[in-house]
Amino acid sequence: MKHPTPLPRRTLLTALGAALVSVPLLNPAPAAAHRRAPGLDDPAKKEIAMRLVSSAENSSLDWKAQYRYIEDIGDGRGYTAGIIGFCSGTGDMLDLVELYASRRPGNVLARYLPALRRVDGTDSHAGLDPDYPRDWARAAGDQAFQQAQNDERDRVYFDPAVRQGKADGLRALGQFAYYDAIVMHGDGTDPTSFRAIRRRALDRARPPAEGGDETAYLDAFLDARVWAMRQEEAHSDTSRVDTAQRVFLRAGNLDLRTPLDWKVYGDSFHID
């Protein structure tokens, strides 16, 4: 069952790969010392990241069960669906279905492409109802659609977050903080986007790549993230930061080592 609290979703998306600003490694020695610990792109760490996000987005650690998930959560972004919350109103769902159609021509979702193009940027279901949710769930049984979701997650969210985190000299926890922020807020020019959150943090602290203290910088980033979340009612529950990421940070768990215990929306979770 999905958590009754309105689930947080991102603002309108732009392409992240070229947009994120990489910071030169001005102090390579500390970064080299951390190389022994795996980053978030290590398969085991990536699995942890997916389970952490799923706990907040779907109140479940079973992120693979979310390939078939779809509903309108009333946040003004139309349908929200899949493992990372692709939205019909923000463009990423359209990109996903276009990718799926290129790999599996004539699939059950291909006929909705004209409607998805029309509703992009709105909360409208025009041309999607009543059968789109049913057909999304049917498509989710296709491994090609599951792989398309994985690939778009990596292209738009995961890979840019990890790349920027590494450029800033952050270890797995910091890379995850970036990833979770991009999942919720996307990137762009508005003041609650990921890049704006990062810029607010940089006004207060320097990342390790610039000789700063990693814990102090992540504290500043999470403060900026909480500020951004509170600017929109759908994001106003900040427990995914307060009782999850901040808990790991205060414990000094910068490498996201297991076991992990945290809470989101009052629900308790554990990873061995």
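Which residue in S5 does Val-264 stand opposite? To find out in this predicted model, select strand S4, residues 260-264, together with strand S5, residues 267-271: Val-264 stands opposite Asp-267.

**The S4-S5 hairpin**

With both strands still selected, follow the pairing along them, where S4 and S5 run antiparallel and are joined by 5 bridges. Lys-263 of S4 has Ser-268 as its bridge partner in S5. Now show the side chains of S4, which alternate along the strand: Leu-260, Trp-262 and Val-264 point to one face and are buried, whereas Asp-261 and Lys-263 point to the other face and are not buried. The two strands make a hairpin with 2 residues between them, and in that turn Tyr-265 has a positive phi of about 55°.

**The open sheet**

Move next to the sheet built from 3 strands in the order S1-S2-S3, which is open and antiparallel in its pairing. Its edge strands are S1 (70-72) and S3 (86-87), each of which pairs on one side only. Select S2, residues 79-81, to see the antiparallel pairing with S3, which runs over 2 bridges; here the partner of Thr-80 is Cys-87 in S3.

**Helix H6 and the residue that caps it**

Select residues 143-167 to display helix H6, whose 25 residues reach 33 Å from the first C-alpha to the last, close to the 36 Å expected at 1.5 Å a residue. Turn the view until the axis of the helix can be followed, and look for the bend of about 50° at Asp-154. After H6 comes Gly-169, with a positive phi near 80°.

At the other end, go to Asp-142, which is found in the loop between helix H5 (132-139) and H6. This residue caps the N-terminal end of H6, with a side-chain oxygen placed 3.0 Å from the backbone nitrogen of Ala-144. The side chain of Asp-142 is also joined to that of Tyr-100 by a polar contact of 2.7 Å. Is Asp-142 buried or exposed? Its relative accessible area is 16%, and the residue therefore counts as buried, the cut-off being under 20%.

**Aromatic rings**

From Tyr-100, extend the selection to Tyr-79, Tyr-112, Tyr-132, Trp-136 and Phe-145, since ring pairs link these residues and Tyr-100 into a cluster. In the structure as a whole there are 13 aromatic pairs. One of them is formed by Tyr-178 and Phe-194, which meet edge-to-face at 5.0 Å centre to centre, with 70° between the planes. This pair links distant parts of the chain, as Tyr-178 belongs to helix H7 (residues 172-185) and Phe-194 to helix H8 (residues 194-202), 16 residues apart. Both Tyr-178 and Phe-194 are buried.

**Charges over rings**

Finish with two places where a charged side chain and a ring can be shown together. Select Arg-200 and Trp-227: the charged end of the arginine sits over the ring of the tryptophan, 3.8 Å from its centre. Then select Lys-46 and Phe-158, where the lysine lies over the face of the phenylalanine at 4.7 Å from the ring centre.

Conventions. Residues are numbered from 1 along each chain as its sequence is written. Side-chain values use heavy atoms; hydrogens and water are left out. Buried means under 20% relative accessible area, exposed over 50%, partly exposed in between (1.4 Å probe, protein chains only). Helices (H or I, at least four residues) and strands (E, at least two) are DSSP runs, numbered from the N terminus. Two strands pair if DSSP finds at least two bridges between them. Rings of Phe, Tyr and Trp (its six-membered ring) pair if their centres lie within 6.5 Å; planes under 30 degrees apart count as stacked, over 60 as edge-to-face and the rest as tilted. A charge sits over a ring if NZ of Lys or CZ of Arg is within 6 Å of the ring centre and within 35 degrees of the ring normal. The expected span of a helix is 1.5 Å times one less than its number of residues. The bend at a residue is the angle between axes fitted to the seven residues ending there and the seven starting there. A polar contact is a pair of N or O atoms within 3.5 Å; within protein, one must be able to donate a hydrogen and the other to accept it, and residues adjacent in sequence count only if both atoms are side-chain atoms.
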